[in-house]
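User: Hi! I'd like to learn how to read the features of a protein model. Could you walk me through one?

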Amino acid sequence: MKTRLAPTYSVVVPAFNEQEVIAETYKRLTKVMTDMAEPYEIIFVNDGSRDNTAQLIAEFCSSDSSVRLINFSRNFGHMAAISAGMEHSRGLAIFVIDADLQDPPELFPKLAEKWREGYHVAYGKRTKRKGESIFKRLSARFFYRFIRSMTSVDLPPDTGEFRLIDRKVCDAINKLPEKSRYIRGLVSWVGFKQVAVEYVREERFAGVTKYPLRKMISFAMDAITSFSHKPLKLATLVGFLISVLSFVYMLYVFYQVFFTDQTITGWASTVAIILFTQGIVLMLLGLMGEYIGRIYTELQNRPLYIVQEIIEKEENEQADDRNNKPTK
């Protein structure tokens, strides 16, 4: 068997139920990478799709030696899919892009230019989000700024996983053992020289979003609990304030009993105070439960994902095709 040559670029594309758009994604990615005139590979990660996404990508693999397909045994999530693509990548620089084409692959040359200038990470920063409701835009704006204020890592706002990362950065992230992953946070945490490249985010080419409000909330919890202890500190502060207020109210009750003739009334207000404080206590217990749950997940030490199969062209066909590819 012939030894594989490491490509200059790897493109990691997580995909989940994207049969409506995947052919166009492959077409545009191939055109952009071919125009860049350097060896490349495209790694599609099928995150347990229930439609024909995997079958369509397998057809690309049968005719294009630059394409590989990693099939998960089930749906493990967006972060796991990106992690798998990064761990299986061989390029000197790795592009990460979703399959829905909201982030334009045509921005790759600009990201690569920053990499050539010496930056280890070049991430896309959204200046405008087309085709999204006012609620979606406002919630996204709040989401990124809230996470940045709550975490201990400097997370750039209005950015996603769409970026180029150097091999050094990729290797550093691959060595991190944690299971509850927030990739953009990990990229910021490892450091290195980073720069933003602005762009306009387009509407979805086809299909529906895979990040409804429920998943966005879960995503936010992963981000906060992975990079900050501020919520626990806030819980301590809230508990202290409630204790102080309760003590002051108790002194007021004693004052009424011993120094006034007033009858202590107001069952409604008493019940309201009890319900309020109990609600706060339960909320804080739930918050601590989030942290404990993540500790439990880490201690289980289960794999981040399970690969069912990897599909690519035969080795001899790959070697023949590489001889016809442009070199650096």
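Analyst: Let's start with secondary structure: the protein chain of this predicted model holds 11 helices and eight strands.

User: How much of the protein chain is buried?

Analyst: Of its 328 residues, 46% are buried. The accessible surface of the chain is about 17700 Å², and carbon and sulfur atoms contribute 61% of that area.

User: What share of the contacts with a separation of 6 or more joins residues 24 or more positions apart?

Analyst: The share is 82% in this protein chain.

User: Next, the interior. Which residues have the most contacts inside the largest nonpolar core?

Analyst: They are Tyr9, Val11, Phe44, Phe95, Phe108 and Leu111, in a core of 33 residues. Helix H1 supplies the largest share of this core, with five residues. There is also a second, separate core of 17 residues, with Ile82, Met86, Leu176 and Val190 among them.

User: What does phenylalanine 44 touch, leaving out residues up to four places away in sequence?

Analyst: Phenylalanine 44 has a long list of partners, including Val13, Ile22, Tyr26, Leu29, Ile57, Phe60, Val67 and Leu69.

User: Now the backbone. What should I know about the sign of phi in residues other than glycine?

Analyst: The general idea is that most residues other than glycine have a negative phi. In this structure, asparagine 17 has a positive phi of about 55 degrees. Alanine 37 also has a positive phi, near 55 degrees.

User: Where are asparagine 17 and alanine 37 found?

Analyst: Asparagine 17 sits in the loop between strand E1 (9–15) and helix H1 (22–35). Alanine 37 belongs to the loop that runs between H1 and strand E2 (40–46).

User: Is asparagine 17 buried or exposed?

Analyst: The cut-off for buried is under 20% relative accessible area. Asparagine 17 counts as buried because its relative accessibility is 17%. Alanine 37 has a relative accessible area of 35%, so it is partly exposed.

User: One more loop, please. Where does alanine 99 lie, and which residues is it in contact with beyond its neighbours within four places in sequence?

Analyst: Alanine 99 is in the loop between strand E4 (93–96) and helix H4 (108–116). At 1% relative accessibility, it counts as buried. Beyond those sequence neighbours, alanine 99 is in contact with Val13, Pro14, Ala15, Glu18, Val21, Ile22 and Thr25. As for tyrosine 26, it is 73 residues from alanine 99 in sequence, while their C-alpha atoms are 8.7 Å apart in space.

Terms used
Residues are numbered from 1 along each chain as its sequence is written. This is a predicted model: local features need pLDDT of at least 70, side-chain atom pairs count only at pLDDT 80 or more; totals for chains, interfaces and linings use all residues. Side-chain values use heavy atoms; hydrogens and water are left out. Helices (H or I, at least four residues) and strands (E, at least two) are DSSP runs, numbered from the N terminus. Buried means under 20% relative accessible area, exposed over 50%, partly exposed in between (1.4 Å probe, protein chains only). Contact means heavy atoms within 4.5 Å. Accessible areas come from the Shrake-Rupley method with a 1.4 Å probe; for residues, only the protein chains shown count as cover. A nonpolar core is a set of buried Ala, Val, Leu, Ile, Met, Phe, Trp, Tyr and Cys residues joined through side-chain atoms within 4.5 Å.
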